[in-house]
Each structure stands twice: as structure tokens, then as C-alpha cells.
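Please look through the sequence and the model shown below before reading on. The report that follows goes from the chain as a whole to a metal site and then to a single residue.

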Amino acid sequence: MGLRSLDKITALQRHPANTRNLCILAHVDHGKTTLADCLVASNGIISTRLAGKLRYLDSRKDEQIRGITMKSSAISLHHKHGDQDYLVNLIDSPGHVDFSSEVSTAIRLCDGAIVVVDAVEGVCPQTQVVLRQAWLENITPVLVINKVDRLIMELKLTTQEAYGHLQKILEQVNAITGALFTSKVLEERAEKDKTEDKPKCRDQLYDWSAGLEEADDSHLYFSPEQGNVVFASAIDGWGFSIQQFASIYSEKMGIDSELLLKSLWGDFYLNAKAKKIVEGAQAKGKKPLFVQLVLDNIWSLYDAVVTNRDKEKVEKIVSSLGLKVMARDFSHSDPKVLLSAICRQWLPVSSAVLSMVCEKLPSPLDMTSERAEKLLSLGTRQFNSLPERTQELKEAFIQCSSEENSPTIIFVSKMFAVDASTLPQFRQRSLTLEEISQRRELARSRHAEMMAAGRLAGGDGTKDPNLPVTQQEVQAAGNTEAKMESLTVRNSTATEENEPKETFIAFARVYSGVVKKGQRLFVLGPKYDPAQFLCMLPDGCHASDSLPDVPHLSCCTIEGLYLLMGRELEELEEVPAGNVLGIGGLDEKVLKSATLSTSPACCPFTPLNFEATPIVRVAIEPKHPSDMPKLVHGMRLLNQADPCAEVLIQETGEHVLVTAGEVHLQRCLDDLRERFAKIEVCASKPIIPFRETVVLPPKVDMVNEDFGKQQKMAIIHLVKEEASPSLSDTVHVDSGGLVTLTTPSRQHTLSVRAFPLPLEVTHLLERSAELIQTLEQLNISVREGKNVDMSPRILEDISGLRAQLEKLLQGKKWRNAVDRIWSFGPRRYGPNILLNSVDSYHRTSVWQCLAQPDATVEAETQSRVLRDFDNSIISGFQLATLSGPMCEEPMMGVCFAVERWEIQSPAVPKHLDSSKQDPASVKAASEKSMEKKAKKAEEDGEDEEDREEVQAPDATAAGCYGPVSGQLIAAMKDACRHAFQAQPQRLMAAMYTCEIMATSEVLGRVYGVLGKREGRVLHEEMKEGTDIFTVKALLPVAESFGFGDEIRKRTSGLASPQLVFSHWETISSDPYWVPTTEEEYLHFGEKADSENQALKYMNAVRRRKGLYVEEKIVEHAEKQRTLSKNK
Ligand SMILES: Nc1nc2c(ncn2[C@@H]2O[C@H](COP(=O)(O)OP(=O)(O)OP(=O)(O)O)[C@@H](O)[C@H]2O)c(=O)[nH]1
Ligand SMILES: [Mg+2]
């Protein structure tokens, strides 16, 4: 990048009114990077001839090879629009579902977005997702309908048909925006009604000044006459908005351009006789204006240049448009070269798109107060309830001021790795004119010295004049070299290290103030809460002061500031508010994202919302075991460099990588091998997650015969290793599946029964996981007597959840069930319920935060004794639901009801009595219990509540069996497992929804592959006007590996699926099934060795986990016989 343009860009950075931060969003392959190429070419960074072919922003090797974008990357462009200079900070994002987290990181830093839609494929699943993401972040979109050339060349549509087609696409996109708007309006209206009903709801009210009546949605929609739509063909380099044509024709035809603008897109036609624009083109069978004035021209250009290659006509068109085309383009064998040479001059896509961006997208100064509040609101807390100093920062956001006294606020949305040697400070920069002349002088003097020395040595002419001979000469030459050395600008450290070293650059945006090199800033962790911690800091403190230790707050120094220029970085000294930038030196301080600020009153920004759930897990190990440290280091770097990948170490010691999908996995492995670890690594087969559940006993057997009277007894499928004899005498299972179990010390007796939750309830719990987590935290705070300012919205949501549960749990079995909920699990928010069905135990409800404060203590008195070990029951339940008995996978959709919980009065054995007297042994016992509890708490991620109990262990309970709480946890866990096994057990498989676009000729093969992999087609739709089908299907995750590749291979690359995690589905077959009825024996034979999918999955998981697998390796150990006649 030239110094002049860098200066220009730094100057432009100071004018937020003329800055636009935007990203390009679309479904995969709709042409984002190609469009970005055209925009980049307009700045002379790449040649216009290469625009569209180079894909400049796809800088990674694998991006170029695969032809898809995997990382979002930014570039700053300059654009002149009217008499104003604009700075456009453009971010290109990936469209593949696996990388949707990269889209989230990009959207957060922008104020606007260009949504690209393929003119043939129309709205696709990712188009909907990105529109929703843009909506949720409150950023303004504009639309580019790309690949219009395909309508001409591939679909061979007439101009009329193409117009209809484009109209439809616009309708589809607007339908999504409409749906988003209505849902928001309805939500707000519902909330408004609620708050009006109950004006005082424990907390501050929302500000409803932005009345819904004023809500105008007309600006939200895309419409060509509003100027927020561009029609383009990025590959051929053309694009236009109807404004351009309106101004061309208003001059030509003498029609008012305003009028033309209004009628150019719509049902208007030109009445040639009356020289008037009239409405009703369709009814009268006339050509709409758009077709006549716009599309016809483009179609005829393609016709002349590409289809007919009519040289004369082309020349006529070129001269009538007043363009200059080079002779070599005219005579090029590929007509597309000529076409793009003409189009680039006639309707350059870059100026159409960039002008639209400058006009229609907001500048950083237009930040709405709604967005500022959304960014700053801390989790469940309402913005109004934040400290005053924090609320004041909202002004700084809205003003986006770069004054000296305004606070600096920066958000880092991701960290990306670059090779340290490519950083600008290590790069050789071009010499300035002065330096060049200095060098010239030096060289000249050196030459003169050598000449003089040559003469001195006696001019016999045999000696090479260039070779220094005498001592002085050598010295003189050495001096010069030393001087030369001092003049070179290359930084010596770069040459010292040959090994490329990865360093991290933060991808960030300044929201307020100016960030300078060397500045000290606070790093606010996601859990930092100014309301809680601000008081711990002195007033007006600064990040460079020595400060007391505050949780989730640290300080950092800005080591480098960079302008992001696609593949390159340019060094900057300071960056004012409203700009996207790169920051160096945060490797140690920021993991993936963070908020940096000069003010400790600032809130951490709301976390990014990721659409994709990481689901594909693999275990990784180095090929050579000695490389383990390198792998650990590499995985740490990978974790930091990828917004979505997760890196964990399992209890087994395995290093596990969790990614969003197969393509993402591949990229992570490549990164690990080539950049971060630089070693050979082996990845296991993907670890497929399952869930375990129970179902209602079936009414018919496997051959559809009614069970009738021969009711199956509850069979406990104890696997051998678990059937320890010590347990079996304390467990009792009745025919109804009620499991009764006593702790080894015989103090507690528990009876637990398991039954399935209705499907809707499971789904509801799954959806509300976050809310349940909040509920749990709220309960803890209420129990601790803390007063929390909860937004009424959260309380409404919680009571909404309760009402929904009440509605879904109907019937005798579920009477009062919602109030009797004891806990959710695993991890206290999972989709399983623990019910309190003990008649004598009235514990406080999980909904206690909704109740009036005085009602909470009501039940305390009666059940004091039970309350002490309440937590052990919960912990036991958490452990049981975390790993079920089938293959140690988490449970789902199971309800455990504790029907009896009896406590024998402590018939304390003698030795315990004595220990009671001995304070030392009591201490030892309690320490042991603390250790054990702390370990438990760590294991299942329990929080304060448990620790509270850890601090006050029941000393009397310690005996030869260990503390009672520990025994009870184990007993409860076992009781749940046995109760689970007493019911018909099933596995649940993770399912993907899969959208495939395929042309009719390969559709059959797509179905073939789907069928082979147990896929279920949900629906199939034909895109109007094309022969493309969209197939939506469900596919088990377990069967999905290699699916994409197989489909591509079988269809010669014509179809490629998009897999998104959808839900968990119960596999109907029973993994433990053996024939029991006569019919079943008849049908399946004694061995029943037909394929059992569930058993296959279950055994695969058990084998992987090193658990016992019951299978016969040799069924009939008979001698093999040949089937020939003479045996
Ligand atoms: N016919 C035609 N093809 C185009 C046009 N624009 C892009 N393409 C082609 O579409 C394919 C995908 O283009 P990209 O620019 O890589 O698409 P993308 O949206 O960046 O894809 P991802 O980043 O992977 O989501 C390439 O083969 C391009 O050549 C266009 O206007 N017309
Ligand atoms: Mg791309």
C-alpha cells in the first residue's frame, strides 16, 4: 500500500460521519468474495482484470483450493461519492454454516451489511440466518441481487421472465424482514400490555417512549426505488441501482428524474404516443419500464457480445455508450473478456454498490440508543439498573467522540493468528527519496575510495580493482558496510528467527475515544459487573495505576495498532472512534473476545450470539508421543484463534476438539498441523454424542402383536461390571419400577421411580436452558439473602416457563408436579426433572424467586432435618443424569420422582460416639468430607450453594462409611440409575437438518445417498422458473460423516448439502431387546440376530469408552465345512 493512500485513510478515519463499517453476508457461494474483489479493485489494490478471479480476501491456501471462505477478513477502502470522500471498512464473511461464528464476530463490529442473494438460487437457509443475525444486532442491511448474468446465460430467460423472477426474490427477502419485524412488534406489544397491567413489578419499568404506534416499517424493506437494492453480476463486473438509469433516461427523454425513479420499478409502462408514463403494464400486456429501459439493454449487450459475437453491433453499442475499449479486448478469443471490459466502464459494480453503501448505511455517528443499551446491558440486568457512571457511557457511544477526554471503549470480537514476520514492523519498507540519495552518495564515495586505493597500489592493471587488498582498504570497506548496515530499515530481529512464529491480532472496533499505541487499558472479562466491583476501585483510577485485585478485571498495554488491509497489515499510531482495526499485544490478555476500556465503569459487551452449536468431537493425539507438549501448545493457540472451536481435556486425559461440522474440523486440523503445532497429528473418528432416555412400556411386541396378559416384568439390565454384590442386597425393585435403596450406614432410605417426560416438556426445557440457569442463580441469591435487581422481563420469562410447564404437565400423574420440582439436571439446567413426591417433605419451591418474600420461609420449620441433606439428593441426581447406565451419555427427557425418603435417627455406633469427643478426629473427618464435596462440586460444575454446605459439614455424620452426605449422593445416584434401568430404555440420536439444492438430473442420486444413510426427506420443492430442487431432510449425525463428500462425488459436484444441528430423536428400537413372546421367537428366531441399530450405536460408544461390551465373538464354534458334495 502506498504511503499516500495510507495517509489518506488515516485522515479519513478522523471523520466518523464519512465512515461506513459494513460486512458482506450471504448464503454459501452467492458471490460475496467475488463482489468484494470488485470493490477492492476500485481502489487499485488489485487489477480490475483479475477482479472476481483472484478472490483477494480469501487469503488462505485452503480457501483458494476449496473455493469457499473460512475466515472473515477486513479491508479499508476509499470511495468518492459526490464531493465527499468516504472510508469504507469492509468485512467479507464466510457463508458456509460451519463458519457462522465468523459471521457473528463480523456483524458485531459493523453498522451495516450488504446482503448478497444469488439471482438463480434466491433466498437460501443461510440468507435467512444472516438476515436474522443482522436484525438481532440492530444493523442496517442493503441488498445486492448477484449473478443476474445466470438468468441470461444459464436459464435463458426473456427480459419479462427475468423481471418477474427478480420481483419474486425481492418478495422472498422482504417476507423474512417482515416476519422479523412482526415478531418484534408482537413481542413488544405483549410486554407493554403486561407492564401496563402490573405497573409496579419489583423493579424499574421499561422506557416505552418509543411507542409502537410510531413504529414505521417502510424503511426496513428492500425496494429498488428506495435505493437499497443493486442488481449485479460480480463476475462480469457490472451492477446498477435504478437511480443510475433514472438519471440517464431523465436526461435522454426529458422526464423528471423523480417521477422516473418512482415508476422504473413497478407496473408502469411508457406510452410512446402520449409520451407519458402510465400505470397498468401487466393488465395491458405492455413491457414494464424496468424491462424496456434496463433489462432489454443488458440482454442485448450479452446477445451481441457473447451469444452472437456480432462485432459490428458491439462497436455500435460501445460508441453509443461513449466507452473506450482496447483493441486487445476486442480481439480476445474469450467473449467474456470483452463483455467485462465494456461492463466495467458502463455500469461499474463497485461504484453502484459503494454509492449505495455511502448513502443508505448509517455512519458510526448514527448509533441508536437502543443498540447502545443492548450492547451494554449486562446479561439479565436491565440497563437502567446499572450504576450511574456506567449509564453515562451510553452518551459516549452515541456521540462516538474522539475528543481527548472521552473514554476509550473497544470491543474485540475475535483473535486471529498471523505469522509474526509479516507484521509491518518486520517488513522491509520502501525507501524514501532522501534515503535513496544517501545510499547513492555512499556507494559513490566507496567507489572513489576503491579507485584511489587501486591507483596507490601501482597501476599494473593486473589486479581486479574491486578486490580490496591492503589493510586500510579492508578497513575502509568494512566501515562503509557498517554505515550501510545502519541505514537499512529492516529490523534485525526478523532475520534472527527463521522459524515463523504465530502472533495474535485482535479484530476490534473503537466505539468511543481514541486508542493510542502504548496506551494502558482495562480488560473487562465477561463476568465483570461494574455494579458489584466498581466500589472496590478508587474513584477516577486509571489502568496504569497500581490497583487492588478486582475479579474479572485486568490491564493491558496496546503494543501495536494496525489497519486491516486484507492480506496485509499497516501500522498505525492511533485510531479514533468509529473504526475497525487490529490490535497487537493482547495474546496473553484476551482469549477470544473482550471489552477494553479506560473506564472501569464500562460493562463488558453482551456476548456474541453464535448460530452454530459445536457438535463434532474428535480426540487428537500426536503421531509421535514425544510431541505432546507441542500439541498442547498448538491446541491452546487454536482455541484462541477460532471463535467457535472448543478444546478440552477429558477426564480420561484425551485432548478433544469440538467443531461445528466436518469442514470446520478439517480446517482446524490443517491449522493445527501447519501453523500452531507444526507436528503430525492423528484425529480419532468423530465422537458422536447420544442421549439416554426412557419411554412408556410398549403395548405391542416387535411383530406388532398385542402383549395382552403376558406383561413383561421389569427387567434390570445390569451390565456385569456394575452388578457388584455389595449393592444388590441394599437395592429393591418392585414390579412397578420403584427402586428402594438404603445407604450403607442404614441411615437413609430412598425410593425413586423414573418415567418419561412428555416430549414437549423436554423440548421446552432444552430451549429454556439459559433461563433455568438464571433461575438457579436467582434462587441461590435469594437463599443467601442478597437483593438482586432483576429485570421484570426475566421474571416474566420465568413465570411464563412455569405456566407453560403447568399447561403441558396435565393429568393425574402430574398433579402439582410443577410446584414439586426439586431440580433440573444435569448441570442443574438440563432437560431432566427431579420431583419431590415425599409426602412429609415440603421443601421450598424452585420458583421461590417469583413468590412474595414473606412466603418463602413457610415450609422451613417442618423439614429441618431433611433440608440438611437436600443438596446431596440434588447432587446424586445431577451425577446420575450426567451419565446414564446405557453408555454413560447424558440423560434426556427423564423424570425421577423421589417417593420416599426416610431417615433413621442416628443410631450412632460406639466408635463414632468416641470420635465425637475427640475434636482432632472430627476435624479430620470434616476435612475429608470437604475434600470429597469440593471434588464433587468441581466435577459437576456446582456452585456456591454446595460450597456453603462444604464449609459446614455435618461432623456427627462421619462414620466408617464416610460422611452421610457423600453416601447419600452415591445412594441417590444409584437409585436413579436403577430406576432408569427398570423402565424401557432408549437411545436418542442427534439429528441434522440437511438442505440440498440439486438439479433434476441428479435428484435421484441425492435420494439414493440419503436413503443409504437413514435420512428422512421432509419435503421437496422446485424453485420456480428453474430446474433446481430444494430437498429438506433429516439425517442422523452418526451417519453424516463423509456425507457431503459422497453427495458431491455422486452428483459430480452439482449438489452440496448444508447440515445444521436440529434436535434429538429417540431411536425406536430397544437396544436390549430379546425375543420374549412366541410370535417374536417365530419371527426373529432364538438368537434374534437381525440388525439392531440402537445396540450397534450403544456398543460403539461403550467400546470407545472402554466399558464392558456384551457380545459374542464366535457364535457356533463348529468346524468349518465345505459345501461341496463329497464332504
Ligand atoms: N455466473 C456468475 N457466477 C458468479 C458471480 N459471482 C460469483 N460467481 C461464482 O460463484 C462462485 C462463488 O463465489 P464466491 O465469491 O467465492 O462466493 P462466496 O459467497 O464468497 O462463497 P463463500 O465465501 O464460500 O460463502 C465462484 O465460482 C464465482 O466465480 C456472478 O455474478 N455470476
Ligand atoms: Mg467468500
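## The chain and two of its details

In this predicted model, 75% of the contacts in the chain with a separation of 6 or more are accounted for by residues 24 or more positions apart. The chain is built with 35 helices and 34 strands, and buried residues make up 50% of its 1127 residues. The surface that the chain exposes comes to about 54700 Å², of which carbon and sulfur atoms supply 51%.

A magnesium ion, ligand 2, has two threonines as its protein donors, Thr33 and Thr69, each of which uses its OG1 atom and lies 1.9 Å from the ion. These two residues link distant parts of the chain, since they stand 36 residues apart, and the table sets out where each of them is found.

| Donor residue and atom | Distance to the magnesium ion | Location in the chain |
|---|---|---|
| Thr33 (OG1) | 1.9 Å | helix H2 (residues 32-41) |
| Thr69 (OG1) | 1.9 Å | loop between helix H3 (61-66) and strand E2 (73-81) |

Both Thr33 and Thr69 are buried.

Another threonine, Thr742, belongs to strand E26, which covers residues 739-742. Is Thr742 buried or exposed? Thr742 counts as buried because its relative accessibility is 16%, and buried means under 20%. When residues up to four places away in sequence are not counted, Thr742 touches Thr730, His748 and Thr749.

Note on methods. Residues are numbered from 1 along each chain as its sequence is written. Chains are lettered from A and ligands numbered from 1 in the order in which they are written. This is a predicted model: local features need pLDDT of at least 70, side-chain atom pairs count only at pLDDT 80 or more; totals for chains, interfaces and linings use all residues. Side-chain values use heavy atoms; hydrogens and water are left out. Donors are N, O and S atoms within 2.8 Å of the metal (3.2 Å for Na, K and Ca); water is not among the atoms, so sites may look incomplete. Helices (H or I, at least four residues) and strands (E, at least two) are DSSP runs, numbered from the N terminus. Buried means under 20% relative accessible area, exposed over 50%, partly exposed in between (1.4 Å probe, protein chains only). Contact means heavy atoms within 4.5 Å. Accessible areas come from the Shrake-Rupley method with a 1.4 Å probe; for residues, only the protein chains shown count as cover.
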